[in-house]
Amino acid sequence: MGSLSDDGAPATGFESSPEMVKFLCDRLLDPAQPISERFRALFSLRNLKGPAPRNALITATRDSSNLLAHEAAFALGQMQDAEAIPALIAVLNDFSLHPIVRHEAAEALGAIGLESNIPLLKNSLVSDPAQEVKETCELALNRIEQFKNASSQSMDEKSPFMSVDPAAPATSGSSVNQLREALLDEKRSMYERYSALFALRNDGGDEAVTAIIDSLGSQSALLRHEVAYVLGQLQDKAASAALSNILMDKNEHPMVRHEAAEALGSIADEQSVSLLKEFAMDPEPIVSQSCEVALSMLEYEGSGKSFEYLFMQAPQVQ
């Protein structure tokens with residue numbers, strides 16, 4: 001998630017000129033552009049509706065950059081565009097693609113939430129060779145089931161962070177201690193643990209943040225990556241040390257290190273920025289590119305400009 005990958009805003013229906021849309025699509029799909037420039041285009045396109053933005057993002061799910069490809073799949077899920085389902089299914093079923101990309105396709109299918117996706121997700125839950133993809137299919141199936149059984153109004157309610165989350169937060173009647181117990185329990189279902197995670201995120205207090213940080217020790221790489229994403233949403237400096245340790249751990253799953261890098265970019269204290277500069281040279285492209293994008297976002301924010309092209313003045317678009 002993602003975010004960056006996993007901190008994305010859902011589609012807003014913002015109308016843009018055909019020239020702007022073409023510029024954004026061309027920029028997204030141009031491999032000669034720096035990865036940060038392509039991400040700027042992607043972040044703008046996920047706020048637009050219509051076949052051109054959707055098709056550009058679908059094409060990007062096959063990009064040679066696994067980071068960009070997974071972010072494109074994430075964006076399609078955040079847009080909740082049912083027209084993207086066939087392409088997302090093809091990505092999920094293509095074992096030649098990196099698991100981080102296929103995981104995001106499965107999550108996107110859950111975010112779109114159609115019951116017609118259930119048989120496919122059940123098959124992948126049983127047969128997929130990647131554990132992180134299997135766990136994502138479990139999450140997606142549970143989300144669709146929850147959507148079917150709940151009122152459409154309650155399931156469509158956006159999170160306080162304007163993201164379409166892969167699980168609904170646990171009920172507000174749960175205490176922080178109960179949520180912590182659920183999150184840290186390796187025997188609970190992934191959906192229960194995610195639900196506890198998002199409820200703790202929405203609480204946002206010191207005890208809740210501590211519980212989230214402690215869950216970075218989970219056995220599941222998928223859960224660890226989502227925890228890092230949530231810590232980036234919270235932008236709490238108390239998480240800096242734990243996230244730094246993850247980024248520095250060359251044995252950690254790239255999808256977890258990538259989310260840690262993006263979270264450190266959101267926290268943006270001096271130590272985090274220094275670490276991002278160091279690991280922008282990491283041999284793992286998913287990690288190095290995450291650091292590059294995070295640093296670029298910080299540069300734009302520091303200059304008072306929006307990172308997205310969408311909100312630039314039209315004369316700047318050639």
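**Buried site residues and aromatic contacts**

His103 is buried, because its relative accessibility is 0% and the cut-off for burial is under 20%. This value, like the others reported here, was computed from a predicted model. His103 is placed in helix α6, which covers residues 99-112. Glu104 is in helix α6 as well. The relative accessible area of Glu104 is 1%, so this residue is also buried.

Both residues belong to an annotated feature. The unreviewed UniProt entry assigns a "binding site" to His70, Glu71, His103 and Glu104. These positions span 35 residues of sequence, yet they cluster in space. The largest C-alpha distance among them is 10.9 Å.

Aromatic contacts were examined next. The structure contains 5 aromatic pairs. One of them joins Phe23 and Tyr309. The ring centres of Phe23 and Tyr309 are 5.0 Å apart, and the planes meet at 85°, an edge-to-face arrangement. This pair connects distant parts of the chain. Phe23 lies in helix α1 (residues 18-28), whereas Tyr309 lies in the segment after α17 (285-302). The separation in sequence is 286 residues. Phe23 has a relative accessible area of 13% and is therefore buried. Tyr309 is buried too, because its relative accessibility is 5%.

A further pair is formed by Tyr300 and Phe307. Their ring centres are 5.8 Å apart and their planes are at 80°, so this pair is edge-to-face; the cut-off for that class is over 60 degrees. Tyr300 has a relative accessible area of 19%, and so counts as buried under the 20% limit. Phe307 is buried at 4% relative accessibility. Tyr300 and Phe307 are also members of one aromatic cluster, together with Phe39 and Phe43.

Arg40 contacts two of these rings. The charged end of Arg40 sits over the ring of Tyr309, 4.0 Å from its centre. Arg40 also lies over the face of Phe307, at 6.0 Å from the ring centre. Arg40 is thus placed over one ring of the Phe23 and Tyr309 pair and over one ring of the aromatic cluster.

Cysteines were considered last. A disulfide is a covalent bond between the sulfur atoms of two cysteines. The count of disulfides in the model is 0, with a cut-off of 2.5 Å between sulfur atoms. Cys25 is buried, because its relative accessibility is 11%. Cys137 has a relative accessibility of 0% and is therefore buried.

Key: Residues are numbered from 1 along each chain as its sequence is written. This is a predicted model: local features need pLDDT of at least 70, side-chain atom pairs count only at pLDDT 80 or more; totals for chains, interfaces and linings use all residues. Side-chain values use heavy atoms; hydrogens and water are left out. UniProt positions are given in the numbering used here, feature names are shortened, and annotations may be inferred rather than shown by experiment. Helices (H or I, at least four residues) and strands (E, at least two) are DSSP runs, numbered from the N terminus. Buried means under 20% relative accessible area, exposed over 50%, partly exposed in between (1.4 Å probe, protein chains only). Rings of Phe, Tyr and Trp (its six-membered ring) pair if their centres lie within 6.5 Å; planes under 30 degrees apart count as stacked, over 60 as edge-to-face and the rest as tilted. A charge sits over a ring if NZ of Lys or CZ of Arg is within 6 Å of the ring centre and within 35 degrees of the ring normal.
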